[in-house]
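Biologist: I am new to this structure. Please show it to me, and then let me ask how each label is earned.

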Amino acid sequence: MTCCGSVTVTNSNCSVVLQLTSTRVVDVIAEGPIGPTGAVGSTGATGAPGAAGPPKSLTIALPVTGDEFTLFNTQVTTTITSVVGVVRGTSSPSVTLEFRYGPDRTATGTLATVSTAITNTTTGQLLTVQNMPIPVDQFFWVKITAVSGTVAEVNVSVKV
């Protein structure tokens, strides 16, 4: 018997196409079942950290011993890199303050700076930072522990 043409045999797992010329098979094209999907590739590199934002600054006019002011609440783990304070007034103005943080604003909190008397009236003075980093979801505040001389205002700038 002589025949010409092609025959396709298909089932759910594969397909075979036979191309017939005369009485001989010229070509067999076979496709096997589809293999399993490969593993998910790795993700891209993590981006560079964002630039630090501007310092958070607080000016307190006519400060009084015992005053406390909340500056912010941390949304991520935060490290204070520097705190600078300057005082304005007469008769040797001085304001002693400390920065604290904690999840409960009514509690004592953790000391974030060494308690320091700010006496610089011109270029500001650097406070000593400690107990870093600050965990997520913590309040950060300043507490005035002493005032002497005639103080018009004290300013503190916190850089994160």
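Modeller: Start with Arg88. Its relative accessibility is 48%, so Arg88 counts as partly exposed. Keep in mind that this is a predicted model.

Biologist: Why is Arg88 called partly exposed?

Modeller: Exposed means over 50% and buried means under 20%. Arg88 is at 48%, in between, so partly exposed is the label.

Biologist: What makes Glu153 and Arg88 a salt bridge?

Modeller: The cut-off is 4 Å, from a side-chain nitrogen of Lys or Arg to a carboxyl oxygen of Asp or Glu. The closest N and O atoms of Glu153 and Arg88 are 3.5 Å apart, so the pair qualifies. Glu153 sits in strand S10 and Arg88 in strand S6, so the bridge ties together parts that are 65 residues apart in sequence. Glu153 has a relative accessible area of 24%, so Glu153 is partly exposed.

Biologist: How do you know that Glu68 and Arg105 form a salt bridge?

Modeller: Their N to O distance is 2.9 Å, and the limit is 4 Å, so the pair counts. Glu68 belongs to strand S5 (residues 68-73), and Arg105 to the loop between S6 and strand S7 (110-111). The pair therefore ties together parts that are 37 residues apart in sequence.

Biologist: What makes Glu68, Arg105 and Lys143 a network?

Modeller: Glu68 meets Arg105 in a salt bridge. Glu68 also meets Lys143 in a salt bridge, at 4.0 Å, N to O. Lys143 lies in strand S10, so this second pair ties together parts that are 75 residues apart in sequence. Salt bridges thus link Glu68, Arg105 and Lys143 in a network. In the whole structure, the search finds 4 salt bridges.

Biologist: Why is Thr116 called buried?

Modeller: Buried means under 20%, and Thr116 has a relative accessible area of 15%, so Thr116 is buried. Thr116 lies in strand S8 (residues 116-118). Beyond its neighbours within four places in sequence, its contacts are Val95, Thr96, Leu97, Gln125 and Leu127.

Biologist: What makes the side chain of Thr116 a polar partner for the backbone oxygen of Val114?

Modeller: A polar atom of that side chain lies 2.7 Å from the Val114 oxygen. The limit is 3.5 Å, so the distance fits a polar contact.

Biologist: Which residues touch the most other members of the largest nonpolar core?

Modeller: Ile80, Val95, Leu97, Phe99, Ile118, Phe140 and Val154, out of 21 residues. S10 gives the largest share of this core, 7 residues.

Technical notes: Residues are numbered from 1 along each chain as its sequence is written. This is a predicted model: local features need pLDDT of at least 70, side-chain atom pairs count only at pLDDT 80 or more; totals for chains, interfaces and linings use all residues. Side-chain values use heavy atoms; hydrogens and water are left out. Helices (H or I, at least four residues) and strands (E, at least two) are DSSP runs, numbered from the N terminus. Buried means under 20% relative accessible area, exposed over 50%, partly exposed in between (1.4 Å probe, protein chains only). A polar contact is a pair of N or O atoms within 3.5 Å; within protein, one must be able to donate a hydrogen and the other to accept it, and residues adjacent in sequence count only if both atoms are side-chain atoms. Contact means heavy atoms within 4.5 Å. A nonpolar core is a set of buried Ala, Val, Leu, Ile, Met, Phe, Trp, Tyr and Cys residues joined through side-chain atoms within 4.5 Å.
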